[in-house]
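Colleague: I've got a new model open and I'd like to go through it with you, one small question at a time. Could you put it up on the screen?

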Amino acid sequence: MVSASDDNKKRDGDTQNGNAKNDVNVEEELSEEDKALKENLELLVTRAKDVDEGLATTALESIRTEIRTATSSMTSVPKPLKFLKEHYAGLKEHVDTLPKGSGVAALLADILSVLAMTSAESGSMETLRFKLQSGVKEVSCWGHEYSRHLAGEIGDEYATRMEKDSKADMSDLMSLVEEIVPWNMAHNAEPEAVDLCLEVGRLDLIEGAVDENNCGRACLYLLSCASYLPEPEDRNVYMCAYNSYMKVRFSTHALRVALKMGDVGLMGQVMSSVEDPLEKKQIAYILGEARVWIDLAEEDESLQEELQAIMGNTRLSERYLALARDLDVMEAKVPEDVYKSNLIESRSSHPVESASGNIAASYVNAFINAGFGQDKLVTVEMDDNDESSSKSVHWIFRNKSLGKLAAAASLGMVLLWDVEGGLPKVDRFLYASDHMVVSGALLAFGIIASGVTDEVDPAFAVLSEYVENEDDNVKIGAIWGLGIAYAGRAKEDVKDALLPVAGNSDMSMELASLAALSTGLSYTGTADGDIVETILESLMLRGELELDSVHGRNMAHALGMLFLGKQDAVEATIEVAKTLPEKTCKYTCNVLDMFAYAGTGDVLKIQQFLATCGEEYEDEEVEPWQTAHQSVAALAIGAIAGGEELGSQMAHRALEHILQYGGQAAKKGVPLALAILNVSNPDVAVIDTLGRLSHDTDEQVVMSALISLGIVGAGTNNARLAGLLRNLSLYYSKDVSMLFLVRISQGLVHSGKGLLTLNPYSASTKSMHRPAMAGLLTILLASLDMPSSIGGKMHYLLYGLVPALRPRMLMTVDENGAAVPVPVRVGQAVDVVAQAGKPKAITGFQTHTTPVLLAEGERAELGTEKYKPMSSVLEGTVIVKENPDYVEIAE
């Protein structure tokens, strides 16, 4: 019987014999040419060790030539390196015996540096050691693989030295980096160059090495890296990309980077650096779509006026209606066209008109007919003064109390962006005897002017008069109208009008908080010191009961808006917020943190908020204010992760865990987090999750899920989502408050009959539109306290979504703004970062003629060479000019 150990020994012996045979076979398999090469190299190695310096130098130069000229496949080691591996140890010993600084020592060390790639032990960093020892800076002669290997070791050595001493001398490493980076940039290895510069903190080398050929690839990789870097390193990367684009005069690219950074000064630099009037107009179109206004200093007055008109979106309504006519969706719809009650088994044969139902219908009508200038409810000509109960009564007067405010304001939605034609139609309601109608008309004024900048500025002239009106209801419309009209504009006059109201401790908390919200919306992302100070003072002067109300929380939201995207600039304000009363302290701090890091993808902040969601309370009876900050923390995860694709995917998984293991307060914020992660992007998995939560046992979770369904599907006309909402309208037909939210979501899904989007991120660079994000977060935060806000008497807050509304179109125009039909290919976007060559940026495309609609995740590219676009990215409004080199080929 053979033992196990004997069996193993026999197997080992067979293996050794097999290896020996294999070595013999390899030796035998060498071709005559390879044998000659091997013998020649062995002879050269022997001569390289000769005491005669001239003979040794000649031998080493011959070895260097053999290595340089060797050809190999992508998967095999060059034969000279393979044959020299056995001599590596001997040559290492020999180089140590040579006098330092001699030519032979430098040449041998340089060769050993190359041999170390395949012969040295992993982690020994001998490639770098011998390269430094040789004193030879040139690396280009050894090719890409050597350059990549050396760059890796430089990065490791840099990190090691920095750990030991942050002020260590790096001059020897930098001399090599300064050789490697330009060579990589010139030889289609931009990602390797960027990686090395990021590791050693020398992004200035990228700026110096970019040209028109490599700038696009280098900056695309830079911008993708910025998403994974902490502050302030991310800003340094953005600045590097911005400077690189400016160097090669890619002005629209540079502008999009400036938008990503939210730096108005840099946007102004882009505009002033451009000389071509057409290019200036294209920049103005991009700024107009982002709702950003910059001061112009043009010598040509007519050009300045034209640029201001473009930037002010004065013709946005005209272009939007042209899109609607092209797609044949001009016919007005009524709420019943969305409800489709005939498709569900109604429990009552005739729907009963109710106050809540009418308010919902006003909002649904406002959303579905937004911007079309006509509808079948509020723009129809009727006797406005007849307030009888007959069907001939104008829709506005068929509502009660706050319902009249909502209905009158919906007129502003229908006339959205049409300042010239819309304001006169609303003006007549300012003279109504009912204060609620006047308030709604004022709010309509603000809605019409949202995102549109007019030199006459009629909206401010009207609204500012009513801010100090005696009636509180009228003030509501004027104050909220100012916030919506000037969202993101930071208009000094708005601050002067609203700040005294926000800081007046004698004013009702509702009006003070609404004034704070409007000021915050107007100055979003500016961290204006006066406003911050006023709101903090107001929070400190109010009693705990007021701070624990929905109005107290709205004031905290206003404070947060001021720091939107400001990151660590919020720290000082958070420290002050910690001194606030216990009932609002944690809530305010979390809101500030959420706004400051919204859209940044900051992983550390997401982890911080996850930890907050996981907090447990031992007391059985926990007061709502004690856990309110956890709901904000759940929403914050979505708000922060939304600007970056990978982080967004991870956030979805984290939110699923909160649903399974988190407390009830954290769970309430999960549907809203899913909404902000998927605005106007009805992903099937997200719809299924929200559909499941819409039947949850907790009423607050259900309310959050219902409003989230509308935001997820906003402006998409998604059939699956529309069907789900119809079924929910039947399920909640007896619950007035739930049915109201279902109706609002139905209206949102069909916003602009499918032509609008609420998405706060641009499709190309994922840069955040600040007014849009501020408006969305205002609604989502209000939804955490649904019965007291949107589901109660403050449903007018829903109009806070107006700054986020924009057409999801691609329209091509000529230099005068007239539409030019151009064939374009529309397909799913493909990630081409760091890919070799010139890969296709879209896949599965179809060819259409502009104007076209772009869904989430879709991109467009020109389908003809007859025209040249003035923008690198085809989205929104793009100027095209005829290509002078185009020659039409006859079929």
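Colleague: Let's begin with the rings. How many aromatic pairs does the count come to?

Modeller: Keep in mind that this is a predicted model. Two rings pair if their centres lie within 6.5 Å. By this rule, the number of aromatic pairs is six.

Colleague: Take Y245 and F250. Is that pair stacked, edge-to-face or tilted?

Modeller: Planes under 30 degrees apart would count as stacked, and over 60 as edge-to-face. The ring centres of Y245 and F250 are 6.4 Å apart, and the planes stand at 35°. That angle falls in neither class, so the pair is tilted.

Colleague: And of Y245 and F250, which one counts as buried?

Modeller: Buried means under 20% relative accessible area. F250 has 23%, so F250 counts as partly exposed. The other ring has a relative accessibility of 4%, so the buried one is Y245.

Colleague: Now F460 and Y486. How many residues apart in sequence are the parts that this pair ties together?

Modeller: The two rings are edge-to-face, 6.2 Å centre to centre with 80° between the planes. F460 is buried, and so is Y486. F460 lies in helix 24, while Y486 lies in the loop between helix 25 and helix 26, so the parts tied together are 26 residues apart.

Colleague: Which residues do ring pairs link into a cluster?

Modeller: Here you follow the ring pairs from residue to residue. The cluster they give is Y320, F372 and W417.

Colleague: Some charged ends sit over rings too. How far is the charged end of R743 from the centre of the ring of Y339?

Modeller: Let me start with another case: R129 lies over the face of F130, at 4.5 Å from the ring centre. For R743 over the ring of Y339, the distance to the centre is 3.8 Å.

Colleague: On to the cysteines. How far from C613 is the closest cysteine sulfur?

Modeller: The structure holds zero disulfides. C240 is in no disulfide, and the nearest cysteine sulfur, in C219, is 6.7 Å away. C613 is buried, with a relative accessible area of 3%. Its closest cysteine sulfur is in C589, too far for a bond, at 16 Å.

Colleague: Is C240 buried or exposed?

Modeller: The cut-off for buried is under 20% relative accessible area. C240 has just 1%, so it is buried.

Colleague: Let's turn to the backbone. Which residues does a cis peptide bond join?

Modeller: Most peptide bonds are trans. P851 is found in the loop between strand 5 and strand 6. Omega is about 5° for this cis bond, and the residues it joins are T850 and P851.

Colleague: What is the phi of N313, and where does that residue sit?

Modeller: Most residues other than glycine have a negative phi. M125, in the loop between helix 6 and helix 7, has a positive phi of about 55° although it is not a glycine. N313 counts as buried at 3% relative accessibility. It sits in the loop between helix 17 and helix 18, and its phi is positive, at about 60°.

Colleague: Now the sheets. Which strands are the edge strands of the open sheet with the order 5-4-7?

Modeller: This open sheet has three strands with antiparallel pairing. An edge strand pairs on one side only, and that picks out strand 5 and strand 7.

Colleague: In strand 7, which residue is the bridge partner of V826?

Modeller: Strand 4 covers residues 823–829, and it pairs with strand 7 in the antiparallel sense over five bridges. In strand 7, the partner of V826 is A860.

Colleague: In the sheet with the order 6-3-9-8, why do strand 6 and strand 8 each have one side without a neighbour?

Modeller: This is an open sheet of four strands with mixed pairing. Strand 6 pairs with strand 3 in the antiparallel sense over two bridges, and M809 has L853 as its bridge partner in strand 6. Strand 6 and strand 8 stand at the edges, so the reason is that each has a single partner strand.

Colleague: Last one: at about what angle does helix 18 run to strand 3?

Modeller: Helix 16 lies across strand 3 and strand 9, running at about 165° to strand 9. Helix 18 lies across strand 3, strand 6 and strand 9, and its angle to strand 3 is about 110°.

Technical notes
Residues are numbered from 1 along each chain as its sequence is written. This is a predicted model: local features need pLDDT of at least 70, side-chain atom pairs count only at pLDDT 80 or more; totals for chains, interfaces and linings use all residues. Side-chain values use heavy atoms; hydrogens and water are left out. Two strands pair if DSSP finds at least two bridges between them. Buried means under 20% relative accessible area, exposed over 50%, partly exposed in between (1.4 Å probe, protein chains only). A charge sits over a ring if NZ of Lys or CZ of Arg is within 6 Å of the ring centre and within 35 degrees of the ring normal. A disulfide is a pair of cysteine sulfur atoms within 2.5 Å. Contact means heavy atoms within 4.5 Å. Axes are lines fitted to C-alpha atoms, for helices over the stretch in contact, and angles run from 0 to 180 degrees between N-to-C directions.
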